[in-house]
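This report introduces one protein structure to a reader who has not met it before. The sequence and the model are shown first, and the description follows.

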Amino acid sequence: LAVITTVIAHHPSRTVKNLLLCNMVVATCIFEGFQIVLAAFGLDTDSFHPPPACVFQAYFYNVTCAMVCASYLIQSISSFFYAVLHKHKHLLGWTTHWTMIGISYVIAFLGPLFPMCFKYPYVFEPKARLCAITLR
């Protein structure tokens with residue numbers, strides 16, 4: 001969070017690379033916060049998650065994983081823009097990068113909805129003590 005505070009407070013630090021770094025920090029903090037909540041529920045040995053709670057837990061686990069992966073993907077795409085497509089100045093600007101970040105969050109929230117089309121999208125795995133996508 002010190003990175004985000006520095007980028008916001010120090011105007012010369014507001015660059016596209018730091019924007020992508022802040023995006024990665026936010027996605028990682030959300031992921032880690034959710035992991036702490038999952039660990040707290042996983043410590044309960046007699047835990048049984050009713051189906052709505054199980055689906056909610058598994059959905060947000062997949063969303064947070066997708067957010068972290070997308071933040072790294074955006075950094076890779078941005079590096080590609082700067083290294084290979086540097087002649088296309090519109091690809092190097094703030095608008096393009098904010099658009100990529102926005103699209104990545106929309107995909108991160110909509111992508112894990114696809115398993116909901118099936119009868120039993122997520123099931124509780126007792127050995128792992130978490131709800132996951134069913135393989136059946």
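Which residues make a nonpolar surface patch of about 330 Å²? The patch is made by V106, L110, L113 and M116. Patches consist of residues with over 30% relative accessible area and no salt bridge, like charges being joined within 9 Å and nonpolar side chains (Val, Leu, Ile, Met, Phe, Trp, Tyr) within 5 Å. A salt bridge is a side-chain nitrogen of Lys or Arg within 4 Å of a carboxyl oxygen of Asp or Glu.

The model is predicted: local features need pLDDT of at least 70, side-chain atom pairs count only at pLDDT 80 or more, and totals for chains, interfaces and linings use all residues. Residues are numbered from 1 along each chain as its sequence is written, and side-chain values use heavy atoms, with hydrogens and water left out.

**Overall architecture**

The protein chain contains four helices and two strands, in the order α-α-α-α-β-β from the N terminus. These elements are DSSP runs numbered from the N terminus (helices: H or I, at least four residues; strands: E, at least two). Of the 136 residues of the chain, 34% count as buried. Buried means under 20% relative accessible area, exposed over 50%, and partly exposed in between (1.4 Å probe, protein chains only). The accessible surface of the chain comes to about 8800 Å², and 73% of this area belongs to carbon and sulfur atoms. Such areas come from the Shrake-Rupley method with a 1.4 Å probe; for residues, only the protein chains shown count as cover. Among contacts in the chain with a separation of 6 or more, 64% are between residues 24 or more positions apart; a contact means heavy atoms within 4.5 Å.

**The nonpolar cores**

The largest nonpolar core has nine residues: V16, L19, L20, I74, F81, L91, L92, M100 and I101. A nonpolar core is a set of buried Ala, Val, Leu, Ile, Met, Phe, Trp, Tyr and Cys residues joined through side-chain atoms within 4.5 Å. Helices α2 (16-42), α3 (51-83) and α4 (94-110) each supply at least two residues of this core, and α2 gives the most, with three residues. A second, separate core has seven residues, including A27, Y59, M67 and V68.

Leaving aside residues up to four places away in sequence, L92 of the largest core touches V16, F81, Y82, H86 and H97. Two serines also have contacts with residues of that core. S78, in helix α3, is buried at 0% relative accessibility. Outside its neighbours within four places in sequence, S78 is in contact with V16, K17, L20 and H97. S104 lies in helix α4 and is also buried, with a relative accessible area of 11%. Not counting residues up to four places away in sequence, S104 touches A70 and I74.

Helix α2 also holds C22, which is buried with a relative accessible area of 12%. The C-alpha atoms of C22 and A2 are 10.0 Å apart in space, although the two residues are 20 apart in sequence.

**Aromatic pairs**

A pair of aromatic rings is described by the distance of the centres and the angle of the planes. Rings of Phe, Tyr and Trp (its six-membered ring) pair if their centres lie within 6.5 Å; planes under 30 degrees apart count as stacked, over 60 as edge-to-face and the rest as tilted. By this rule there are four aromatic pairs, two of which are set out below.

| Pair | Centre to centre | Angle between planes | Arrangement |
|---|---|---|---|
| F56 and F60 | 4.6 Å | 65° | edge-to-face |
| F80 and F81 | 6.5 Å | 50° | tilted |

F56 and F60 both lie in helix α3, four residues apart, about one turn of the helix. F60 is partly exposed at 25% relative accessibility. In the other pair of the table, F80 is partly exposed at 41%, whereas F81 is buried at 11%. Ring pairs also link F56, Y59, F60 and F109 into a cluster.

**Back to the surface patch**

Where in the chain is L113 found? L113 is in the loop between α4 and β1 (122-125). Its relative accessible area is 37%, so L113 counts as partly exposed. The C-alpha atoms of L113 and Y59 are separated by 7.4 Å, with their positions 54 residues apart along the chain.
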